[in-house]
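Work through the exercises below with the sequence and the coordinates at hand. Each task is followed by a solution in steps.

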Amino acid sequence: MSGRRKILVIEDEPGIRLAVKDELEFEGFDVELAEDGAGGLAAIRRSRPDLILLDLMLPGRNGFEICQEVRAQGLRTPIIVITARNQEADKVRGLELGADDYVTKPLGLAELVARIRAVLRRSDQPKARDRDVLDVPPLRIDLRRHAAFKRGVELPLTDTEFRMLALLVTRAGEVITRDEFLDQVWGEHVHVTHRTVDTHVASLRKKIEDDVEHPTCILSVRNVGYRFNENITSP
Ligand code: CA
């Protein structure tokens, strides 16, 4: 990592806000604070943080709306949402709206710092899409030629299937939500549903998996989306 990284903390509870600020500054981060959604959005625009730590339950515009708004503006800034413990649905919704990770209250500061470092590390990696050929044995994706191969044999993928596969492999190990597929593969102005994503994943699996009933490349993440297995074990 180069230089000091700037973390924007959007949290309405002063006690948590200050405890997090102290801890992060102690760990060598620059910290900016916002206490509500409007202030948070203004700070994002003004100071372009390297990562946003976002409480979901905020007065005024809540964390879900902030998350959605940030992504709608095309910003890829990593976001970690803070949820109340046992709010499983909130975690899922946060991830669906484009958050990268979540932590639960009460916050463990050591865990929080570890999560922040992990998410920053991930976002620092050179984007795989900048490379032309992605090797994920037994698959190989040639982005420039728009072609995919399995054990050296070209796969008969449709354009949509290729784009889905390229998105999955480019971000191997990360969950891609159905909304992200819709945005990135179909574009935002096309009216297709989550069901369409599932249908295309099914046809893609038929072409790339050894055993469609037990997929090892494209894994389902229940209620959220799909993840490309970065640790495929394949002959
Ligand atoms: Ca709150």
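**Exercise 1.** Is Arg171 buried or exposed? Find its salt-bridge partner and classify that residue as well.

*Solution.* The model is a predicted one.
Step 1: Arg171 has a relative accessible area of 8%. The cut-off for buried is under 20%, so Arg171 is buried.
Step 2: the salt-bridge partner of Arg171 is Glu180, with 2.8 Å between the closest N and O atoms.
Step 3: Glu180 has a relative accessible area of 15% and is likewise buried.

**Exercise 2.** Which residues coordinate the calcium ion, and through which atoms? Give their spacing in sequence and locate the two Asp donors.

*Solution.*
Step 1: the donors are Asp12 through OD, Asp55 through OD and Met57 through O, at distances of 2.1 to 2.3 Å.
Step 2: the spacing of these donor residues along the sequence is D-x42-D-x1-M.
Step 3: Asp12 sits in the loop between strand 1 (6-10) and helix 1 (14-26), while Asp55 belongs to strand 3 (residues 51-55). The pair therefore ties together parts that are 43 residues apart in sequence.
Step 4: Asp12 is partly exposed at 28% relative accessible area, whereas Asp55 is buried at 2%.

**Exercise 3.** Which residues are linked with Asp55 in a network of salt bridges?

*Solution.* The network links Asp55 with Glu11, Glu13 and Lys105. Asp55 is also a donor to the calcium ion.

**Exercise 4.** What is the N to O distance in the salt bridge between Glu88 and Lys91, and how are the two residues placed in helix 4? Classify both by accessibility.

*Solution.*
Step 1: the N to O distance between the two side chains is 3.4 Å. A salt bridge requires a distance within 4 Å, so the Glu88 and Lys91 pair qualifies.
Step 2: Glu88 and Lys91 are three residues apart in helix 4 (residues 88-96), a separation of about one helical turn.
Step 3: Glu88 is partly exposed, at 49% relative accessible area. Lys91 is buried, at 11% relative accessibility.

**Exercise 5.** Which residue forms a salt bridge with Arg140, and how many salt bridges are counted in the model?

*Solution.*
Step 1: the side chain of Arg140 meets that of Asp135 at 2.8 Å, N to O.
Step 2: Arg140 is partly exposed at 39% relative accessibility, and Asp135 is partly exposed with a relative accessible area of 47%.
Step 3: the count for the model is 25 salt bridges.

Technical notes. Residues are numbered from 1 along each chain as its sequence is written. This is a predicted model: local features need pLDDT of at least 70, side-chain atom pairs count only at pLDDT 80 or more; totals for chains, interfaces and linings use all residues. Side-chain values use heavy atoms; hydrogens and water are left out. Donors are N, O and S atoms within 2.8 Å of the metal (3.2 Å for Na, K and Ca); water is not among the atoms, so sites may look incomplete. Helices (H or I, at least four residues) and strands (E, at least two) are DSSP runs, numbered from the N terminus. Buried means under 20% relative accessible area, exposed over 50%, partly exposed in between (1.4 Å probe, protein chains only).
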